[in-house]
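Me: Please take one part of this structure and go through it closely, then show how the rest is arranged around it. I am a first-year student, so plain steps are best.

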Amino acid sequence: MGKSDTITPANRPLGSDQASANSAPEEEALAARPVRLTVNGRDCIAIVEPRTTLLDALRGALSLTGTKKGCDRGECGACTVHVDGRRVLSCMCLAAMQEGKSISTVEGLEKNGELHPVQAAFIEHDAFQCGFCTAGQIMSAVAVIEEAKAGSPSAATQDVTRPFTMSDFSLQEVRERMSGNLCRCACYPHIVDAVQAVARS
C-alpha cells in the first residue's frame, strides 16, 4: 500500500479488528488513575499508572526527590522509606498498593526546623561522602533503632531465646541490620558510629 492509500474494510489486514479489540482493555488497564497516599502526614493524590512503583510516584508525581533511585531492583537500599512504620524498598512495591497506609520519607523526618537525631548524627560523624545513598541509609537507621528498641532480634543476635535489649545493640548488630544499604563511598564505619551514637542516647 502507498502512503496515500487508506485502510477500508475491503483492504484491512486480517485480524486488525481483533487486535484493536484486544488492545483496548489492555490500554484501559494501564491508564493513569488517581491513587490516594498519606505521605509524611499529608493526604496526597498521585496520578499514576497501576504499574508505577512507590519510588516513581514519590519522585515523579509528588516531587519528593529525597528518596533516590539507585539500582531500581531492590539491591542497594537507596530508595528506603517507611510504610506503616516498617522500612520498605520503594522500588519494589507498587504505589497503588499503598492506599490507606502511612508513608514516611526522608523529607518528613525534620520537625519544626529541627533535624531528626539520626540526621544530626550523620552530619556529626561525617557518615556520608557523595550523599546519594544517604537518604536510604538514614531511613534504615531510624527503623533499625526502633526495631532494636522493640526487642526484635537479627541474624547477628547471639541469644534469641531471651528478649533483645539495647544493651545487645553491638557493632555487629548495627552492621547486620544496616547490611541492606550499600555505600559506594565506603563510609560504613562512620555510618555505624552514627547509628550507635543515636542508639546510646
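Reply: A residue counts as buried when its relative accessible area is under 20%. By that cut-off, the buried residues of helix 2 are Leu-54, Leu-55, Ala-57 and Leu-58. The model is a predicted one, and helix 2 is the part to start from.

Helix 2 covers residues 54-61. Its buried residues pack against strand 1, strand 2, strand 3 and strand 5. As a whole, helix 2 lies across those four strands and runs at about 100 degrees to strand 2. Just after helix 2 comes Ser-63, with a positive phi of about 55 degrees. To place the buried residues along a helix, recall that an α-helix has 3.6 residues a turn, so residues three or four places apart point the same way.

Next, the setting. The chain has 6 helices and 5 strands, and along the sequence these follow the pattern α-β-β-α-β-β-β-α-α-α-α. Of its 201 residues, 36% count as buried. Among contacts with a separation of 6 or more, 51% join residues 24 or more positions apart.

What does helix 2 lie on? The strands it crosses belong to an open sheet of 5 strands in the order 2-1-5-3-4, with mixed pairing. At the edges are strand 2 (42-48) and strand 4 (86-89), each of which pairs on one side only. From one strand to the next, the twist averages 45 degrees.

Two of the pairings can be followed by residue. Strand 1 and strand 2 are antiparallel and share 7 bridges; within this pairing, Leu-37 has Cys-44 in strand 2 as its bridge partner. The two strands form a hairpin with 2 residues between them, and Asn-40 in the turn has a positive phi of about 55 degrees. Strand 1 (residues 33-39) also runs parallel to strand 5 (residues 102-104), joined to it by 2 bridges. There, Thr-38 has Ser-102 in strand 5 as its bridge partner. For reading side chains on these strands, the rule is that in a regular strand they alternate between the two faces of the sheet.

Ala-32 is found in the loop between helix 1 (16-29) and strand 1. Is Ala-32 buried, partly exposed or exposed? Its relative accessible area is 48%, so Ala-32 is partly exposed. Ala-32 and Val-48 are 16 residues apart in sequence, yet 4.7 Å apart in space from C-alpha to C-alpha. Beyond the residues up to four places away in sequence, Ala-32 touches Ile-47, Val-48 and Glu-49.

Helix 2 is joined on the sheet by another helix. Helix 4 (residues 134-149) packs on the sheet and touches strand 3, strand 4 and strand 5, its direction making about 45 degrees with that of strand 3. One residue of helix 4 is Gln-137. Its relative accessible area is 2%, so Gln-137 is buried. Leaving aside residues up to four places away in sequence, Gln-137 touches Phe-122, Met-178, Asn-181, Leu-182, Cys-183 and Ile-191.

Gln-137 also takes part in a contact between helices. Two packed helices are described by the angle between their axes and the distance between the axes. For helix 4 and helix 6, the angle is about 40 degrees and the axes are 10 Å apart. The crossing is right-handed. From helix 4, Gln-137, Ala-141 and Ile-145 meet Ile-191, Val-195, Val-198 and Ala-199 of helix 6. Sorted by class, this contact of helix 4 with helix 6 has 6 nonpolar residues, 1 polar residue and no charged ones.

Helix 6 (residues 188-200) also packs with helix 3 (residues 117-124), at an angle of about 135 degrees and with axes 9 Å apart. Helix 3 and helix 6 are therefore oblique to each other. Their crossing is right-handed. On the helix 3 side are Pro-117, Val-118, Ala-121 and Phe-122; on the helix 6 side they meet Ile-191, Ala-194 and Val-198. The contact of helix 3 with helix 6 has 7 nonpolar residues, with no polar and no charged ones.

To return to the starting point: the buried residues of helix 2 pack against strand 1, strand 2, strand 3 and strand 5, while helix 4 touches strand 3, strand 4 and strand 5.

How values were computed. Residues numbered from 1 in each chain as written. Predicted model: local features only at pLDDT ≥ 70, side-chain atom pairs only at ≥ 80, totals over all residues. Heavy atoms only, no water. Axes fitted to C-alpha atoms, helices over the stretch in contact; angles between N-to-C directions. Parallel < 35°, antiparallel > 145°, perpendicular 65-115°, else oblique. Left-handed = near helix turned anticlockwise from the far one by under 90°. Contact = heavy atoms within 4.5 Å. Nonpolar A, V, L, I, M, F, W, Y, C, P; charged D, E, K, R; others polar. Pairing = 2+ DSSP bridges. Buried < 20%, exposed > 50% of the residue type's maximum accessible area, 1.4 Å probe, protein only.
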